[in-house]
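Please look over the sequence and the structure shown here before reading the short report that follows.

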Amino acid sequence: MATVLETDEHKALRAAVSALGNRYGRTYLAKVIAEKSHPTELWAEAAKLGYLGVNLPEEYGGGGGGIAELSIVLEELGAAGCPLLMMVVSPAICGTVIARFGTEEQKQEWLPALADGTRTMAFGITEPDAGSNSHRITTTARRAEDGTDYILTGRKVFISGVDIADATLIVGRTADARTGNLKPCLFIVPRDAPGFGRRQIDMELHGAEKQFELTLDDVRLPADALVGDEDAGLLQLFAGLNPERIMTAAFAIGMGRYALSKALAYARERTVWREPIGAHQAIAHPLAQAHIDLELARLMMQKAALLYDSGDDVGAGEAANMAKYAAAEACVKAVDQSVHTLGGNGLTAEFGLASLITASRVARIAPVSREMILNYVSHQTLGLPKSY
């Protein structure tokens, strides 16, 4: 396997994105959240600089890179305090799936717009009764009377950014003509499609991207709304889910780095006796451990991105799950230790760390719980029998 150490181009990309993020920072994101708006200025500038479409093919307006490059962008924006969660969805999941499996018409319609930020796409897979079990998805697609159109019926929950997305890539299931068994398929559903409804979910977590419950009440779609081959099934689905896990890892690592940077600055300056508190091992060692955990998680994320970009979907699936798990755990620990380092100040609005206590847990829960990742590793990697 090739080395996972970063190239000079990756280092330059990291530095450039970091500079962009630091021009906006946590203050900008907090203002966006307080105003219940969206980070449109940062999104537009990231698109203009070519960061949003860095993973998409050059012939469709992208940068010709891969998930490795896109994960760098999200991590560095997160480390600056202004992550763009929709990067996980629009260019990483939807852009990747369309680039790999879409028709030429779908690629022409969507990829340039996703790359330049003029259009965004949400991703709908989670359902109220299915959770992490994609085999229990009940959203179904059946052929209309004319034999060409599709009719979608079902519900989705915890779908990010639907209010700003031009369309949602919906995971449904169609009946196999030979066996009658249901198999997953992907459909592009425009936001204004008749029968396509949304309801915002009231969340304790306050973020720039809102969460929605979706209803599909006999949504009629033309045949060209289907992405890829109706018989490809899980192959197409996991083409989007593996990048999602890698990008979630980037999101978590960036958040952990941001929290840690605040704690380090405080520990260097805060003096209670004769030395800064960072001179005491009780403060320094946990912060050092948090840094080590974040670095180790990044290495696994880089491995997963390398495998995915090289076309090894099986290897990438294992590594992406591990990277997401490791990054989520490292993030939660880094945030907790950072807040603890500041003591009472860690809970004040002035330092802006307390809100990360809730936000950091997102990576543990979504897009798949840590327990399901442990299940995956148990039976897929270690060969242990399933418990379900």
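## Glu 75 and its contacts

In this predicted model, Glu 75 touches Arg 14, Ala 250, Ile 253, Gly 254, Arg 257, Arg 298 and Met 301, when residues up to four places away in sequence are not counted. Glu 75 itself belongs to helix α3, which runs over residues 67-79.

The relative accessibility of Glu 75 is 0%, and the residue therefore counts as buried, since that term is applied to residues under 20% relative accessible area.

## Ala 327 in helix α8

Ala 327 lies in helix α8, which covers residues 313-342, and with a relative accessible area of 0% this residue is buried. Leaving out residues up to four places away in sequence, Ala 327 is in contact with Ala 249, Ala 252, Ile 253 and Ala 297. Ile 253 is thus named among the contacts of Ala 327 and also among those of Glu 75.

Between the C-alpha atoms of Ala 327 and Leu 29 there is a separation of 22 Å, and these two residues stand 298 residues apart along the chain.

## A nonpolar patch at the surface

Turning to the surface, Ile 292, Leu 296 and Leu 299 make a nonpolar patch of about 280 Å². One of these residues, Ile 292, has its place in helix α7, made up of residues 281-309.

Is Ile 292 buried, exposed or partly exposed? Its relative accessible area is 47%, so Ile 292 is partly exposed, because this class lies between the buried limit of under 20% and the exposed limit of over 50%.

Terms used: Residues numbered from 1 in each chain as written. Predicted model: local features only at pLDDT ≥ 70, side-chain atom pairs only at ≥ 80, totals over all residues. Heavy atoms only, no water. Patch = residues over 30% accessible without salt bridge, like charges linked within 9 Å, V, L, I, M, F, W, Y side chains within 5 Å. Areas by Shrake-Rupley, 256 points an atom, 1.4 Å probe, with all protein chains shown as cover. Salt bridge = Lys/Arg side-chain N within 4 Å of Asp/Glu carboxyl O. Helix = DSSP H or I, 4+ residues; strand = E, 2+ residues; numbered from the N terminus. Buried < 20%, exposed > 50% of the residue type's maximum accessible area, 1.4 Å probe, protein only. Contact = heavy atoms within 4.5 Å.
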